[in-house]
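Here's a quick walk through one protein chain, with an eye on a short helix, the enclosed spaces and one glutamine. Have the structure open while you read.

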Amino acid sequence: MTRHSSALDAAWAALRAHHAGLAGTRIAALFEEDQARFEGFSASADGLLMDYSKCRLTGETRRLLLALADAAGVTGFRDRMFAGEPINLTENRAVLHAAIRAPKGAGFTLDGQDVMADVLAMREACFAFARDVRGGKIAGAGGAFTDVVNIGIGGSDLGPVMAVEALRSFHDGPRLHFVSNVDGAHLADVLKGLDPTRTLFIIASKTFTTIETMTNARSARAWLARALGEQAVSDHFAAVSTAREKVEAFGIPASRMFGFWDWVGGRYSVWSSIGLPLMIAAGPERFAEFLAGGHAMDRHFREAEPKKNLPMLLGLIGIWHRNLCGHASRAIIPYAQRLSRFPAYLQQLDMESNGKRVTREGEPVATVTGPIVWGEPGTNGQHAFFQLIHQGTDIIPVEFLLGAKGEDDPALKAKSIEAASGSREDLAFEKALSAHQPLLIANCLAQSQALMRGRTLAEAGGNPHRVFPGDRPSITIVFERLTPFVLGQLIALYEHRVFVEAAIWNINAYDQWGVELGKELATKLEGPVRTGEGLDTLDGSTAGLVRRVRGE
């Protein structure tokens, strides 16, 4: 039976009427009416600031959105998630990714049993392995590992590759590489130039059956065995999996197998053993800081009052833009080069979670659901797709992410080099770098300002091609510096944003049946593609394409 209540219907109706009443109100005018608008429409948590003042909403909008959240039972549903109830109804699973970033004593339970002992034991096993790899105690045929190749796909790739890139300035371990695409060129390009005697492979697949991952894994195994022989496989491979028999059959000892749980979805698993590449690159201590950032956002989500609660506000503004304003997509633009993979990570997190057309009860949804999520780092995006964002016919809300200081903080480096009597050339280079961050910040703030203000025909000198309509919404999230803690905060913030939106839409954010059909058909098509047989059972287009790629 579909969730329905008069309070929920009334909340939606009130929002629709309010939205209609705001027609013609420009965002810039809201600032003219309220000199303290920035203070009133921004919120903070542990040093993370979210400014949503450049969205067309008022205090009444916020009140009505919070009333919608109340009517939809968001906080109760949140509490059920943290209590370990099986809110993933289609798979009858709990949703406890918050547990895998929690500290000792956090008290997460499942079916009445504390899960933290298992979580902490697996975390320590991963930490011990990472320390031994970093310290050279676990080594290859040629000595300490200099390179680590993670082979996975989806949540077993996007999370680790994003986090490793984001925290590159904290790396002090082996070099990390990632292979995900089953296109052989990806693996070949990564392996080119690597020394097999000093390369470690991590195969990340819970079931050890993911076809893309296992195809790449078998090829990597053949590459290593060709150079070092079959006996070297056990020393040069590790697995993040729960399929012990398959892992051992591959040649990886159980002592190098690190698992996680079915109550952790793949796209929510970077906090677990799936994060082993980051543990190796930056060390367990930094990874612990990363976990602490995520846990801090969990506490904030559970404890902060709704009107100051960052995930709640971000989710409700997403509802406002998607359901009331009709905006079909949202752009994520980090003004931080090392967050270059963050938009792609959020794309999976959001679109795989909330790209749903039926309710939790299996009936058609009554509203549109998940938006298209996309983006690239600024300032690159300014010279690519910002033309459409500023002057296109669709309004695309933009979410800017901005660090007050660069990851390497070159201004401080310049001072330290000067104090240490560094070379004149070193000092000149660091001083040159110190000029980058103010320019980066200015670009970010200018874009949000331009989206809001626009440019009138008079200001454009009567040239319509230079007119900017403006009145386009944006949110800016500011942090001091991209640290492991801050990265943890950001990921958890967006995880909980997805939760809030899904709760209001009454959809299950924690399954992903939409990826299954294509995988099933690919398995069936592999034979015809290889042999050309069975084409008469296919539709005309697919059969014709198979013949074309086979050169027939």
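Right after helix 5 comes G84, with a positive phi near 85°. Keep in mind that this is a predicted model, so every value below is computed from it.

Let's stay with that helix for a moment. Helix 5 covers residues 74–82, and its buried residues are V74, F77, R78, M81 and F82. Looking down the axis of helix 5, those buried residues fit within an arc of 140°, so they line one face of the helix. The general rule behind this kind of pattern is that an α-helix has 3.6 residues a turn, so residues three or four places apart point the same way. What do the buried residues of helix 5 pack against? Their partners are helix 4 (59–72), helix 13, helix 14 and helix 20 (484–505).

Two of those partners, helix 13 and helix 14, come back when we turn to the cavities. Searching the whole structure turns up three cavities of 30 Å³ or more. Here are two of them, put side by side.

| Cavity | Volume | Lining by class | Top contributor |
|---|---|---|---|
| Largest | about 80 Å³ | nine nonpolar, two polar, one charged | helix 6, four residues |
| Second largest | about 60 Å³ | three nonpolar, four polar, four charged | helix 14, four residues |

Around the largest cavity you'll find I100, V119, M122, R123, C126, W261, W271, S272, S273, M279, F287 and L291. Helix 6 (116–135) and helix 13 (284–303) each bring at least two residues to that lining, and helix 6 gives the most, with four. If you sort the lining by class, nine residues are nonpolar, two are polar and one is charged.

The second largest cavity is lined by I317, G318, H321, R322, H327, S329, R330, P371, P397, E399 and R497. Two elements give two or more residues to this lining, namely helix 14 (310–324) and strand 12 (329–335). Helix 14 gives the most here, with four residues. The class split of this lining is three nonpolar, four polar and four charged.

Now for the glutamine. Q447 sits in helix 19, which runs over residues 436–453. Is Q447 buried or exposed? Its relative accessible area is 13%, and buried means under 20%, so Q447 counts as buried. Leaving out residues up to four places away in sequence, Q447 touches Y335, Q382, F386, H390 and F400. Another pairing to look at is Q447 and T379: they are 68 residues apart along the chain, and their C-alpha atoms are separated by 9.8 Å.

Finally, zoom out to the whole chain. There are 22 helices and 15 strands in it. The radius of gyration is 25 Å, close to the 24 Å that the globule rule gives for 552 residues, so the chain is as compact as a globular protein of that length. The C-alpha trace spans about 75 × 70 × 60 Å along its principal axes. Of the 552 residues, 50% count as buried. How many of the contacts between residues at least 6 apart in sequence join residues at least 24 apart? For this chain, the share is 73%.

Conventions. Residues are numbered from 1 along each chain as its sequence is written. This is a predicted model: local features need pLDDT of at least 70, side-chain atom pairs count only at pLDDT 80 or more; totals for chains, interfaces and linings use all residues. Side-chain values use heavy atoms; hydrogens and water are left out. On a 1 Å grid over the protein atoms alone, a cavity is a set of points where a 1.4 Å probe fits but cannot get out, and a pocket is an open set with protein on both sides within 12 Å along at least five of seven lines; lining residues have an atom within 4 Å of a point. Grid points are joined across faces, edges and corners, and a volume is the space filled by probe spheres set on the points. Ala, Val, Leu, Ile, Met, Phe, Trp, Tyr, Cys and Pro count as nonpolar, Asp, Glu, Lys and Arg as charged, and the others, Gly among them, as polar. Buried means under 20% relative accessible area, exposed over 50%, partly exposed in between (1.4 Å probe, protein chains only). The arc is that of the directions from the helix axis to the C-beta atoms. Contact means heavy atoms within 4.5 Å. The radius of gyration is taken over C-alpha atoms; the globule rule is 2.2 Å times the number of residues to the power 0.38.
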